[in-house]
Amino acid sequence: GVVDQYGISTQHLSRVARHPEDVPGYEVREADWVTAREDGAEAWLLDPDNLPVLPASNEAFIEQHDDGTLTGDADDTRHDNLLRYLRDSSREYDLSNNSCTDRQHWFRPSRHDPAPILLTNASQDQLRFIVNEAALRVVNNFYEVELALTGAERNAVLAYLNSGVMGDLLR
């Protein structure tokens with residue numbers, strides 16, 4: 001995958017569930033994420049930390065990277081693979097849309113703790129509440145859910161929500 005192709009260190013990545021089909025069942029554990037990754041699923045979310053100071057826009061980043069004037073570029077080679085990936089991706093994809101420019105950092109999604117429960121963003125027939133034991137980050141194919149319940153109470157509510165009864169109510 002891209003991570004191996006560019007040699008991006010896992011220190012710049014968070015584990016992610018991108019698609020509901022990558023998370024079969026009603027809970028996702030560490031072993032499930034490892035299996036999905038080994039089966040070729042996109043398992044990483046670019047989430048860099050402690051980068052050299054980057055410009056406020058991806059356009060300025062590309063220009064400075066190509067000119068060799070990017071802060072830290074000459075002295076700091078431990079981020080070279082990540083910076084090369086950011087440059088190539090900025091060229092290949094339009095990162096000037098609102099989803100990137102409205103963030104604090106254009107190169108990283110907003111940060112928050114992984115939700116304890118995921119809800120698939122799918123048709124009503126495929127709606128599933130999933131216990132996120134692996135603490136995976138998610139993208140827009142899931143909703144993130146918090147419940148004020150734990151243990152057996154939480155599991156009972158989730159079993160009801162995942163039951164055919166809930167599906168009948170939603171129709």
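## A quick tour of the fold

The protein chain exposes about 10,100 Å², and carbon and sulfur atoms supply 47% of that area. Keep in mind that you're looking at a predicted model. Buried residues make up 40% of the 171 residues in the protein chain. Let's go from the overall layout to strand 1, then to the cores, and end with one arginine.

**Overall layout**

- Count up the elements and you'll get 7 helices and 7 strands in the protein chain.
- Starting at the N terminus, their order is α-β-β-α-β-α-α-α-β-β-β-β-α-α.
- Take the contacts between residues at least 6 apart in sequence: 65% of them join residues at least 24 apart.

**Strand 1 and its partners**

- Strand 1 covers residues 13–17, and it's mostly covered up itself, with 4 of its 5 residues buried.
- One partner is strand 3 (residues 44–46), which runs antiparallel to strand 1 and is joined to it by 3 bridges.
- If you want to spot this pairing in the structure, look for L13 in strand 1, whose bridge partner in strand 3 is L46.
- Strand 1 also pairs with strand 6 (residues 137–138); these two run parallel, with 2 bridges between them.
- Here you can look for A17, which stands opposite V138 in strand 6.

**The nonpolar cores**

- As a bit of background, nonpolar side chains tend to be buried together in soluble globular proteins.
- In this model, the largest nonpolar core has 15 residues, and I8, L46, L54, F61, L82, L83 and L86 are the ones with the most contacts inside it.
- At least two residues of this core come from each of helix 1 (2–6), helix 3 (58–67) and helix 4 (80–92).
- Helix 4 gives the most to this core, chipping in 4 residues.
- There's also a second, separate core of 12 residues, and A115, I130, L136 and F142 are among them.
- You've met L46 twice now: it's the bridge partner of L13, and it's listed among the residues with the most contacts inside the largest core.

**A closer look at R154**

- You'll find R154 in helix 6, which spans residues 151–161.
- R154 has a relative accessible area of 16%, so it counts as buried, because the cut-off for that label is under 20%.
- Who does R154 touch? Leaving aside its neighbours within four places in sequence, R154 is in contact with I117, V131, E133, L147 and L149.

How values were computed: Residues numbered from 1 in each chain as written. Predicted model: local features only at pLDDT ≥ 70, side-chain atom pairs only at ≥ 80, totals over all residues. Heavy atoms only, no water. Buried < 20%, exposed > 50% of the residue type's maximum accessible area, 1.4 Å probe, protein only. Contact = heavy atoms within 4.5 Å. Pairing = 2+ DSSP bridges. Core = buried A, V, L, I, M, F, W, Y, C linked by side-chain atoms within 4.5 Å. Areas by Shrake-Rupley, 256 points an atom, 1.4 Å probe, with all protein chains shown as cover.
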